[in-house]
Amino acid sequence: MIQVESVEKAYTSRKNTVRVLERVSLEVRPGEVCALLGRNGSGKTTTIRIICGLVLPDAGRVSINGYTLGEPEYMAQFGALIDTNRGLYPRLSPLENLQYTCMVRGMSRQAAVERAKHLLEELGLWDKRNAPTQTLSKGMLSKLAFANAIAHDPPFVLLDEPTLGLDIDAAEALEAQIRQMAQSGKGILLTTHQMEVAERLASRVAILSKGRIAVDRPKSELMAMFARQTYRVVLAEPLLEDILPMAHSLDETRTVLEVSLEHPRQIYELMDKLRPAPIKHIERLEADLGEIFKTLTKEPHHV
Ligand SMILES: Nc1ncnc2c1ncn2[C@@H]1O[C@H](COP(=O)(O)OP(=O)(O)OP(=O)(O)O)[C@@H](O)[C@H]1O
Ligand SMILES: [Mg+2]
């Protein structure tokens, strides 16, 4: 398990001090995908950098499977994709880069070559295996950085905006990889601004806001908390008059209604009011993570 306990981090310049993380605690367990969400500058990358040992926290403690930073076993517990250039040698080829990473992490030469080839094939980088890494496109670099993060098959994987810049096929393939890694028992910490990605992949959602973890819950629980009492009703004939006492909107054909109820039992009142009009279809609209995120991280100037 990754355990981040009461971590604090501030950056001080000559002019001021920015308190980025204030007593942030977070856990990532094997087999789960934890989406760490937050607005720009909320401290997601800083948190990941701290776990990687690239930034030292001012206070608090981080451990992975019981090992702490400084113990030699610590670095073997995780792989990380932070920014796509980090850890890649621009003049080496993708094959050489991956092979190097595997060997540094203790694999034999033969095993490293095989693993590198397997990853390049799987991620669609086979054609570029011998090209200098610096000549790869941005998306190809992202894929290679991802491969590099998982090259040594670590139990935990930290991914900072992994689908950024990927085309639709590549993004889908990456999502499938992440899902499969979680199924095989790896713990994944993922940051993204793409709420649909988080919604599809995450088993847990943690939201950083104002230096703190504002929310940390199983995704299903969070979605249930915010389940909306909003219904879409499709009528067979246009609604002639606005007869509804509850908040609603009507499309221009006057046949599609969206109604927000304060309580589920108002659904009967709604049906009653609509009674003369034939109802073709009625459905409850799902909450979506994007809206939940906006609600939970709302700041006065965003209103
Ligand atoms: N090396 C640094 N020196 C000074 N301030 C920094 C440094 N690194 C990050 N910060 C500041 O810390 C805050 C958090 O940055 P961080 O990169 O962790 O945010 P983030 O949540 O990853 O944002 P984004 O979604 O834009 O990637 C920002 O205010 C940023 O300016
Ligand atoms: Mg970031």
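Glu 258 and Arg 232 form a salt bridge in this predicted model, with their closest N and O atoms 2.9 Å apart. The pair links distant parts of the chain, since Glu 258 belongs to strand S13 (residues 256-260) and Arg 232 to strand S11 (residues 230-235), 26 residues apart. Arg 232 also meets the side chain of Glu 283 in a salt bridge, at 3.3 Å from N to O. The points below take up these contacts, then the division of the chain into domains, an open sheet and a helix that is mostly covered.

**Salt bridges around Arg 232**
- The pair of Arg 232 and Glu 283 likewise connects distant parts of the chain, with Arg 232 in strand S11 and Glu 283 in strand S14 (residues 279-284), 51 residues apart.
- Arg 232 counts as partly exposed at 27% relative accessibility, a class that covers residues lying between the limits of 20% for buried and 50% for exposed.
- Glu 258 is partly exposed at 30% relative accessibility, and Glu 283 is partly exposed at 29%.

**Salt bridges around Arg 204**
- Asp 216 and Arg 204 form a salt bridge in which the closest N and O atoms are 2.8 Å apart.
- This pair, too, links distant parts of the chain, with Asp 216 in strand S10 (residues 212-218) and Arg 204 in strand S9 (residues 204-209), 12 residues apart.
- Are the two partners buried or exposed, or do they fall in between? Arg 204 has a relative accessible area of 6% and is therefore buried, the limit being under 20%, whereas Asp 216, at 34%, is partly exposed.
- Arg 204 and Asp 216 belong to a network of salt bridges that also links Glu 27, Arg 29 and Glu 32.
- The structure as a whole holds 14 salt bridges.

**Domains**
- The protein chain is divided into domain 1, which covers residues 2-224, and domain 2, which covers residues 228-285.
- The centres of domain 1 and domain 2, taken over C-alpha atoms, are separated by 45 Å.

**The open sheet and helix H1**
- An open sheet is formed by 4 strands in the order S2-S1-S4-S5, and the pairing in this sheet is antiparallel.
- Strand S2 (17-28) and strand S5 (67-68) stand at the edges with a single partner strand each, so one side of each is left without a neighbour in the sheet.
- Strand S1 (residues 2-12) runs antiparallel to S2 and is joined to S2 by 8 bridges.
- Val 4 has Leu 26, in S2, as its bridge partner.
- Helix H1 (residues 44-52) lies across S1, S2 and strand S4 (59-64), and runs at about 115 degrees to S1.

**Helix H4**
- How far apart are the end C-alpha atoms of helix H4 (residues 138-150)? They are 19 Å apart, which agrees with the 18 Å that its 13 residues should span at 1.5 Å a residue.
- Helix H4 is mostly covered, as 11 of its 13 residues are buried.
- Among the buried residues of H4 are Gly 139, Leu 141, Leu 144, Phe 146 and Ile 150, and the buried set also includes Ser 142, Lys 143 and Asn 148.
- The buried residues of H4 pack against strand S6 (78-81), helix H2 (94-104), helix H3 (109-122), strand S7 (156-160) and helix H5 (168-183).

How values were computed: Residues are numbered from 1 along each chain as its sequence is written. Chains are lettered from A and ligands numbered from 1 in the order in which they are written. This is a predicted model: local features need pLDDT of at least 70, side-chain atom pairs count only at pLDDT 80 or more; totals for chains, interfaces and linings use all residues. Side-chain values use heavy atoms; hydrogens and water are left out. Two strands pair if DSSP finds at least two bridges between them. Helices (H or I, at least four residues) and strands (E, at least two) are DSSP runs, numbered from the N terminus. Contact means heavy atoms within 4.5 Å. Axes are lines fitted to C-alpha atoms, for helices over the stretch in contact, and angles run from 0 to 180 degrees between N-to-C directions. The expected span of a helix is 1.5 Å times one less than its number of residues. Buried means under 20% relative accessible area, exposed over 50%, partly exposed in between (1.4 Å probe, protein chains only). A salt bridge is a side-chain nitrogen of Lys or Arg within 4 Å of a carboxyl oxygen of Asp or Glu. Domain bounds come from an automatic or database domain assignment.
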